[in-house]
Amino acid sequence: MTTKYGLLLNSLYQADTPGALTHTYNRTFRDLTFKEGVYNTDTPLECGEKDGYIPPALGPRMYGIMGARPEDFMFERIWIIPNEINAKLITATDTYTIALWNAFQRENKVFSAVSSLTPDGTAITTPTLPYNLQPTAEGQVVITIYKTGPSIQQTTYYLTIGGVIYEIPIRGLRVMALAKLLNWATEPEITYDFETSIFQSERLKEQRRSVRDIPNRTLKGEYLVQSTYGQQLLNRIQYGHDKLFAVPIIDEAMIPTTITTGGKSIIISNSTSDMWNFINLCQYIGIYEPSTNQVEIHEVDSYTANSITTTADIVETYNVNDTTIFPIFFGTIQSANISPETTEMSRVDIEYKERKVNI
Amino acid sequence: MANDLQNLGTASLFTLDPNWVSNPKYNLIPLRRLIAFAGTADSIQSLGSVPVFSCNANYLLYNRVRKNYFLTFMNTAAGRCNRFWFKHPYTFFTLKNNAGIGALKLYVERQEFDWIYQGYERIYIQMGNGDVITRKITSVVESVPNNRLELSFTPGLDRAVNVADKNTIGRLLLCRFDVDSFSLKTHIQTISEITTRVVELLYEYVLEV
């Protein structure tokens, strides 16, 4: 709310008279009234309580947007902020608070109903409905996006307030990850797939065109699993048959020396400049701690030779001696072949194929 | 010194050498049309002046530098799309006389290269220190009394190339990868191995002047 209003205020003043902003707004919105006439930022606004006078929601100045006052845009409407949620990669259960503000100055508005479209994987918590929003009163709803749910989250919640339906679309990709690392006894194989359209004559004259500007990757490898972890991995593979997985570029392991919980910086002991995929094809990294079966996915904001900065705070606590950072791609399980060695131990040959996704 | 890469046009040079643990394999793709009907003699029509090479080879990417070089090259080539110069690892020419700095000719053992010479051929000279010299052969003259071939080129050599150096002199082929899929088998973090195939582009030499 504050941010949006601040941006609005700023842009309007810049459009009006650059550099002439000296006014401060320290009154409550309820008491704010304005003198009609030509507005000039070189002179103070005449604000005060005038009995019986209520400024119109969109005053005369709204006919020329360049001269409109910020308060002309603020009142006589319902504010819902944020009015959309882009959860990006859903790797853990997360909650989002949506602020409601009845900016009508003289009208009660009733928050009467909530409905939804494809809500699987999410939940909404509202005040007890119907909920009365008095003039200028605030309220909130909380939307929870669960770790489990559909692979592509495309949900819309509809809030009925004052008889008007407001939409809150939710978008995200539910990404799974397996913390267990591949068994190097069977060498992992990374395949880079291009696609070229070729017309070739009998004399081997050719016309060629590249259809894919960056390669699609495939990782083939083997997990050696046993006991509870084996059961968990098999269940996760079954659950993830229609989901996206974060797939580590297994030969570009980066060894962390410092991972600060709640911070965005990771210091590594080997150089990022050696990591071709990390530099050329990856936007995301995974923090893998196999001993605790923990993986955290982060978007890379920037990097230097020995550090990586993520776009969001690192949530979990890691023991750097047990943790490895991998560049990752997003892929689906192409095949999984399970060969039990004993009743307690199994080899799982797995193949992940990269899928290009919009996040 | 450094590489002296001349006469390569716009295509880049693929500098990796194959892993000879598994021998490279070369095929010749004949450019001809065979016409045969029942009860008649066969007829052969030529579709090109010389056959086309293809080559299967394994490369051991034994450190990050080589591995990243290969990945970058593969990405630039975009699979089968873009052409590049490929060092045929077989020694095509045996040096017969020393060539000094600035030399515009190489004298090599007579081996009937003049039978197939088309005018677009490039050679490479792999020096003992790993440097590579490339040149386009502008003429081939056979000298029967001297039992040698005279290979001409410009510009002149930037260093002496001597018989005693045992340098490899081979042919450069204008190629593209013949696969869109590159599978790197990962031995350890820093060592990978890949087998790939290239094919010669006979009709594109004229584009690289």
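In this predicted model, strand β9(A) and strand β14 of chain A (residues 244-248) pair in the parallel sense, over 2 bridges. Strand β9 of chain A spans residues 164-176 and also pairs with β2(A) and with β8(A). Chain A further meets chain B, burying about 2,900 Å² between them. One strand pairing crosses from chain to chain: β10(A) with β14(B).

**Strand β9 of chain A and its partners**

- In the pairing of β9(A) with β14(A), A:V175 stands opposite A:L244.
- Strand β2 of chain A, residues 85-90, runs parallel to β9(A), and 4 bridges join the two.
- There, A:I90 faces A:R174 of β9(A) as its opposite residue.
- Strand β8 of chain A, residues 152-161, runs antiparallel to β9(A), with 10 bridges between them.
- A:I161 has A:V164 in β9(A) as its bridge partner.
- β8(A) and β9(A) make a hairpin, with 2 residues separating the strands.
- A:G162 sits in that turn and has a positive phi of about 60 degrees.
- In a regular strand, side chains alternate between the two faces of the sheet.

**Extent of the interface**

- The contact draws 33 residues from chain B and 31 residues from chain A.
- Of the buried area of about 2,900 Å², carbon and sulfur atoms give 49%.
- Three residues, B:T186, B:Q189 and B:Y203, supply 18% of the area that chain B buries against chain A; no other three residues supply more.

**Polar and charged links**

- Between chain B and chain A the count is 4 salt bridges.
- One salt bridge joins B:R176 to A:E206, with the closest N and O atoms 2.5 Å apart.
- Across the interface, 22 residue pairs are in polar contact, with both residues at pLDDT 80 or more.

**The side of chain B that touches chain A**

- Both α1 (64-77) and β14 (181-188) of chain B supply at least two residues each to this side.
- β14(B) gives the largest share, 8 residues.
- By class, the residues of this side divide into 13 nonpolar, 11 polar and 9 charged.

**Strand pairing between the chains**

- Strand β10 of chain A, residues 189-193, pairs with β14(B) in the antiparallel sense.
- This pairing runs over 5 bridges.
- Within it, A:I190 has B:L184 of β14(B) as its bridge partner.
- β14(B) thus appears twice in this briefing: as the largest contributor to the side of chain B that touches chain A, and as the strand paired with β10(A).

Terms used. Residues numbered from 1 in each chain as written. Chains lettered and ligands numbered in written order. Predicted model: local features only at pLDDT ≥ 70, side-chain atom pairs only at ≥ 80, totals over all residues. Heavy atoms only, no water. Contact = heavy atoms within 4.5 Å. Buried area = accessible area lost by both parts, 1.4 Å probe. Salt bridge = Lys/Arg side-chain N within 4 Å of Asp/Glu carboxyl O. Polar contact = N/O pair within 3.5 Å; in protein donor to acceptor, adjacent residues only side chain to side chain. Nonpolar A, V, L, I, M, F, W, Y, C, P; charged D, E, K, R; others polar. Pairing = 2+ DSSP bridges.
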